[in-house]
Amino acid sequence: MTGLFFTFDGIDGVGKSTQMELFCEWLRDNGHDVVQCRDPGGTPLGEALREIILHEQEMPLCPTSEMLLYMASRAQLVAEVIGPAITAGKTVVSDRFLVSNVAYQGHAGGVEVSDVWSVGAIATNGVRPDLTLMLDMRVEQAATRLNRDLDRIESRGTEFLNRVRDGFLLEAAKAPERIAVIDATRDIESIQADIRTLAGRVIDVKGSTRA
Ligand code: ADP
């Protein structure tokens with residue numbers, strides 16, 4: 001029995017958490033046994049690393065060590081949470097996953113993009129999302145939605161975040177069947193409707209191959 005794996009991605013402020021909550025509610029209403037997680041995080045090691053990566057801003061981290069800390073967190077998340085849940089036939093939904101590293105540390109941070117994918121394949125043990133829901137909007141517009149103190153990554157400025165966004169869009173263009181770009185400038189309900197349609201197709205296909 002294999003479960004399903006969905007991830008939400010995109011720059012901060014685009015509405016990932018908002019949409020993920022509504023999506024998980026819908027999945028549960030439709031009989032899915034849902035496991036929600038966030039990357040980095042989701043395990044004791046992952047939460048400790050998340051604190052270092054995002055909040056200990058006085059601790060210098062070069063792009064490569066930053067990428068590797070994310071990968072260590074993800075490896076533990078896959079081993080402890082995501083892998084077992086998928087094996088048990090559950091539906092896993094993660095706030096961010098590997099493509100975030102590809103965009104932030106790779107495309108925007110200068111780490112070789114193919115290296116990020118390669119290390120990622122080791123960290124995830126080959127576990128890949130069935131579908132990544134990539135919420136997209138202009139960096140300036142997303143920033144207006146964040147009315148809190150910025151973490152290490154968020155505080156890197158517009159130019160950096162534009163490279164991140166372009167990196168996300170490039171990766172989506174390379175793998176449109178795995179990464180769906182969703183216009184996140186619209187109202188919450190319209191965005192959620194698109195997400196349910198896109199995910200519904202994946203659920204139907206997997207369901208029919210399982211039957
Ligand atoms: P992320 O998890 O991507 O950082 P959030 O879901 O936390 O984004 O949303 C950031 C802020 O924007 C929140 O205050 C949220 O209520 C608001 N928000 C989310 N989606 C929309 C939307 N479609 N239109 C307007 N505001 C939104």
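**Entry 1: the ligand shell**

I started with the helices around the ligand: H1 (16-29) and H8 (188-210) each supply at least two residues of its shell. I keep in mind that this is a predicted model. Which helix gives the largest share of the shell? I found that H1 does, with 3 residues.

Next I listed the residues around the ligand. The run from the lower numbers is Asp-12, Gly-13, Val-14, Gly-15, Lys-16, Ser-17 and Thr-18. The list continues with Arg-145, Arg-186, Asp-187, Ile-188 and Ile-191. I sorted the shell by character and got 3 nonpolar, 4 polar and 5 charged residues.

**Entry 2: polar contacts and burial**

I then looked up the ligand's oxygen atoms. A polar side-chain atom of Thr-18 lies 2.6 Å from an oxygen of the ligand. With the backbone, I noted a polar atom of Gly-13 at 2.8 Å from a ligand oxygen, and one of Val-14 at 3.4 Å from a ligand oxygen. How much of the ligand does the protein bury? Taken alone, the ligand exposes 560 Å², and the protein buries 68% of that. I also checked the pockets, and the space taken by the ligand is the largest pocket.

**Entry 3: aromatic pairs**

I moved on to the rings and found 6 aromatic pairs in the structure. One I wrote down is Phe-5 with Phe-97: the ring centres are 5.0 Å apart and the planes stand at 85 degrees, so the pair is edge-to-face. Why does this pair tie together parts that are 92 residues apart in sequence? Phe-5 lies in strand S1 (residues 4-9), whereas Phe-97 lies in the loop between strand S3 (91-95) and helix H4 (98-108), so the two rings link those parts.

**Entry 4: backbone details**

Last, I went through the backbone angles. Where is the cis peptide bond that I noted? It joins Asp-39 and Pro-40, with omega at about 5 degrees. I placed Pro-40 in the loop between strand S2 (34-38) and helix H2 (44-55).

I also jotted down Arg-96, where phi is near 75 degrees, a positive value in a residue other than glycine. Arg-96 sits in the loop between S3 and H4, and I had already placed Phe-97 in the loop between S3 and H4.

Notes
Residues are numbered from 1 along each chain as its sequence is written. This is a predicted model: local features need pLDDT of at least 70, side-chain atom pairs count only at pLDDT 80 or more; totals for chains, interfaces and linings use all residues. Side-chain values use heavy atoms; hydrogens and water are left out. A residue is near a molecule or strand if one of its heavy atoms lies within 4 Å of it. A polar contact is a pair of N or O atoms within 3.5 Å; within protein, one must be able to donate a hydrogen and the other to accept it, and residues adjacent in sequence count only if both atoms are side-chain atoms. Accessible areas come from the Shrake-Rupley method with a 1.4 Å probe; for residues, only the protein chains shown count as cover. On a 1 Å grid over the protein atoms alone, a cavity is a set of points where a 1.4 Å probe fits but cannot get out, and a pocket is an open set with protein on both sides within 12 Å along at least five of seven lines; lining residues have an atom within 4 Å of a point. A molecule sits in a cavity or pocket if more than half of its atoms lie within 2 Å of its grid points. Helices (H or I, at least four residues) and strands (E, at least two) are DSSP runs, numbered from the N terminus. Ala, Val, Leu, Ile, Met, Phe, Trp, Tyr, Cys and Pro count as nonpolar, Asp, Glu, Lys and Arg as charged, and the others, Gly among them, as polar. Rings of Phe, Tyr and Trp (its six-membered ring) pair if their centres lie within 6.5 Å; planes under 30 degrees apart count as stacked, over 60 as edge-to-face and the rest as tilted.
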